[in-house]
Number of protein chains: 2
Amino acid sequence: MGSPLPRDPIADAQRNWERHGWGEVAAPMAAITAIMRTQQILLARIEGVLKPFGLTFARYELLALLSFARSGALPMNKASALLQVHPTSVTNAVDRLEKAALVVRSPHPTDGRTTLIELTAEGRTLAKRATAALNSEVFGQSGFGDDDVEHLIRVLGDFRKAAGDFAD
Amino acid sequence: MGSPLPRDPIADAQRNWERHGWGEVAAPMAAITAIMRTQQILLARIEGVLKPFGLTFARYELLALLSFARSGALPMNKASALLQVHPTSVTNAVDRLEKAALVVRSPHPTDGRTTLIELTAEGRTLAKRATAALNSEVFGQSGFGDDDVEHLIRVLGDFRKAAGDFAD
DNA sequence: GCAATATACTAGGACATCCAAGGGTTTGGA
DNA sequence: TCCAAACCCTTGGATGTCCTAGTATATTGC
């Protein structure tokens, strides 16, 4: 999008916050802004790796989730809950994955309200290949040190739990 | 969107990664996924606080940026660079802010290609009020401990720098 | 057993982000 | 001087996310 800035814009924002008398919350503001920006960078990397496979991150996440399900199938509402996105987002992703013949919708055997998403053979193969690519090109070169990774997992895990993501 | 899950879905994903022989990258995968999810939670909180002001986070960021500029005005390309978003995203935000009379577009005095975004009096007032709300309702209650905030700022700062965000 | 409530998925709409292309303005080298 | 290359902003299109209904199916309670 652009060349590197001369100075860190988030550090500048933090200084601005302090200068305006909001020093009390300047650091958390900076941390939160940094999380937003980091997510943006990571998402761009991931999408770049997935593009050759004709996948987006949202669709990949669904494929990966299905590939770990015993039967290779999950109800849409389960997928929505596990991926922690709105049900309509799952509908959207399934529509596109189904057009690409990577999944199929099938009726739930006992509950007429529920629709099952099933991985096709192609879907399973593509999920494997895409995962290998992400592992080697993104997760394997995250740029985070081992200690930092552990720290992030712990701190963000606590945050997500406090936010009500899971009971554990 | 839903009630808490019985177990942490990201920890489950990490276990799945390990079970499939990708233990080497399971932890970074979990950390990255946690960052994505945390961003989603934080964005939802922020948008919730800004909604009463008729603002979204993208528009708020632009207003805040302008409010810190000496003259209360910035060229669009500068705003795009500092906010680290695509120029078309700035165009979009300015269109809406201008409709709301919070900013105005004006021609650059010496460069005919450039458009300046200028804060209106209303825009400046709203930015102040929205910032106060975010400070007290989000940044002041982030849920991150002081040490964790410092750690996040450092680790994510290093990451952003390595990603080419800034030279410093 | 049947009506009221809850649950599951989808359709339509509002926003944001990015990319690709197009039209206008500046700059720089031949 | 002048034209090509670089730069700036906007338009149009593709995706994703969420929200608000609306339809269909299950469950519950009387």
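**DNA strand D**

I began with DNA strand D and counted its neighbours: 23 residues surround it, and the closest are A:Thr56, A:Arg96, A:Gly112, B:Thr91 and B:Arg105. For "near" I took a residue with a heavy atom within 4 Å of the molecule or strand. Of the atoms of DNA strand D that come within 4 Å of the protein, sugar and phosphate account for 75%.

A note on what I'm looking at: this is a predicted model, where local features need pLDDT of at least 70, side-chain atom pairs count only at pLDDT 80 or more, and totals for chains, interfaces and linings use all residues. Residues are numbered from 1 along each chain as its sequence is written, chains are lettered from A and ligands numbered from 1 in the order in which they are written, and side-chain values use heavy atoms, with hydrogens and water left out.

Next I looked up polar contacts, meaning pairs of N or O atoms within 3.5 Å (within protein, one must be able to donate a hydrogen and the other to accept it, and residues adjacent in sequence count only if both atoms are side-chain atoms). On chain A, I found a polar side-chain atom of A:Ser89 at 2.8 Å from a phosphate oxygen of DNA strand D. On chain B, the side chain of B:Asn77 puts an N or O atom 2.8 Å from a phosphate oxygen of this strand. B:Met76 uses a polar backbone atom instead, 3.4 Å from a phosphate oxygen of DNA strand D.

Which elements give two or more residues to the surface near DNA strand D? I got helix 3 (57-68) and helix 5 from chain A, plus helix 4 (76-83) and helix 5 (87-99) from chain B. Helices here are DSSP runs of H or I with at least four residues, strands are runs of E with at least two, and both are numbered from the N terminus. Helix 5 of chain A has the largest share of that surface, four residues. Sorted by class, I have four nonpolar, 13 polar and six charged residues near DNA strand D. My classes: Ala, Val, Leu, Ile, Met, Phe, Trp, Tyr, Cys and Pro are nonpolar, Asp, Glu, Lys and Arg are charged, and the others, Gly among them, are polar.

**DNA strand C**

I repeated the search for DNA strand C. It has 23 residues around it, and the closest are A:Asn77, A:Thr91, A:Arg105, B:Thr56 and B:Gly112. Here sugar and phosphate make up 77% of the DNA atoms within 4 Å of the protein.

Does the side chain of B:Thr88 meet a base nitrogen or a phosphate oxygen of DNA strand C, and what is it for B:Ser89? For B:Thr88 I found an N or O atom 3.1 Å from a base nitrogen. For B:Ser89 the partner is a phosphate oxygen, at 2.8 Å. I also noted a polar backbone atom of A:Met76, 3.4 Å from a phosphate oxygen of DNA strand C.

Helix 5 of chain B gives the most to the surface near DNA strand C, with four residues. The residues near DNA strand C split into four nonpolar, 13 polar and six charged.

**The sheet in chain A**

Then I turned to the fold of chain A. Three strands make an open sheet in the order 1-3-2, with antiparallel pairing; two strands pair if DSSP finds at least two bridges between them. Strand 1 (73-75) and strand 2 (103-107) of chain A are at the edges with a single partner strand each, so one side of each has no neighbour in the sheet. On average, neighbouring strands are turned by 30° against each other, direction ignored.

I counted five bridges in the antiparallel pairing of strand 2 with strand 3 (residues 115-119) of chain A. A:Arg105 stands opposite A:Ile117 of strand 3.

Helix 4 (residues 76-83) of chain A packs on this sheet and touches strand 1, strand 2 and strand 3, with its direction at about 90° to that of strand 1. Contact means heavy atoms within 4.5 Å. Helix 5 (residues 87-99) of chain A lies across strand 2 and strand 3, at about 115° to strand 2. The angles run from 0 to 180 degrees between N-to-C directions, with axes as lines fitted to C-alpha atoms, for helices over the stretch in contact.

**Chain B and the pair**

In chain B I again found three strands in an open antiparallel sheet, order 1-3-2. Strand 1 and strand 3 (residues 115-119) of chain B pair over three bridges, and B:Ala73 has B:Glu118 as its bridge partner.

Last entry: a turn of 180° and a shift of 0.0 Å along the axis lay chain A on chain B with an RMSD of 0.0 Å. I note this as the relation of a two-fold axis. The superposition is by least squares on the C-alpha atoms of residues with pLDDT of at least 70 in both copies. I also see that 100% of the interface residues of chain A are interface residues in chain B too, so the copies meet through the same surface.
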